[in-house]
Amino acid sequence: MPLKDRIQEDMQAALKAGDKPRLSVLRMALAGIKQREVDTRRPLDDAGVTSVLERMIKQARDSIVQFREGRREDLASKEEGEIKVLQTYLPQPLTDAEIDALITEAIEAAKATSVKDLGKVMGVIKARAAGRVEMGTISGRVRAMLAPE
């Protein structure tokens with residue numbers, strides 16, 4: 001079943017169950033998906049939906065930082081709840097060992113020899129691990145592996 005359809009079904013179930021927080025998050029996710037479809041003028045596949053969800057999670061994490069700086073723990077905890085709901089629709093994250101193996105494979109595939117090739121390596125990783133790893137954390141690890149010792 002396509003990811004978008006699964007989200008829609010879960011939204012209907014949350015509506016029937018009266019789960020307002022979950023319902024709100026799922027409606028927000030579907031609105032983001034619909035907006036992307038309107039912008040691109042074509043329906044999104046699972047990779048596109050995953051991309052929208054990842055962007056929403058990243059924005060929520062940024063909001064959490066801002067809320068904590070402003071001493072608004074109530075809003076930060078609300079954002080954390082939203083992240084938990086959205087993460088249920090993403091693929092299982094990679095383990096550290098899988099990440100290291102992926103980075104090594106990507107470096108070999110891109111024939112990278114220095115930090116100048118970081119963009120090529122990150123492109124390969126993004127294609128292979130979409131939704132399974134946070135690209136911001138990977139960048140530092142790739143840079144460390146490419147840096148001269």
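1. A residue is called buried when its relative accessible area is under 20%. By that criterion, buried residues make up 34% of the 149 residues in the chain. The structure discussed here is a predicted model.

2. The secondary structure consists of seven helices and zero strands. Read from the N terminus, the order of elements is therefore α-α-α-α-α-α-α, each run being counted as a helix in the DSSP sense.

3. Regarding overall dimensions, the C-alpha atoms occupy a box of roughly 55 × 40 × 30 Å along the principal axes. The area exposed by the chain is about 9400 Å², and carbon and sulfur atoms supply 53% of that area.

4. Contacts along the chain also deserve attention. Of those with a separation of 6 or more, 56% are accounted for by residues 24 or more positions apart.

5. Helix α4 merits a check of its length. This helix comprises 15 residues, 73-87, and at 1.5 Å a residue it should span 21 Å. The expected span is 1.5 Å times one less than the number of residues. The end C-alpha atoms of α4 are 21 Å apart, which agrees with the expectation.

6. Which residues of α4 are buried? They are A76, E79, E82, I83, V85 and L86. These buried residues pack against two other helices, α2 (20-40) and α3 (46-69).

7. Finally, the charged side chains may be considered. The chain carries 26 positive and 24 negative side chains. The centres of the two sets lie 4 Å apart.

How values were computed
Residues numbered from 1 in each chain as written. Predicted model: local features only at pLDDT ≥ 70, side-chain atom pairs only at ≥ 80, totals over all residues. Heavy atoms only, no water. Helix = DSSP H or I, 4+ residues; strand = E, 2+ residues; numbered from the N terminus. Buried < 20%, exposed > 50% of the residue type's maximum accessible area, 1.4 Å probe, protein only. Contact = heavy atoms within 4.5 Å. Areas by Shrake-Rupley, 256 points an atom, 1.4 Å probe, with all protein chains shown as cover. Lys, Arg positive; Asp, Glu negative; His and termini not counted. Charge placed at Lys NZ, Arg CZ, Asp CG, Glu CD.
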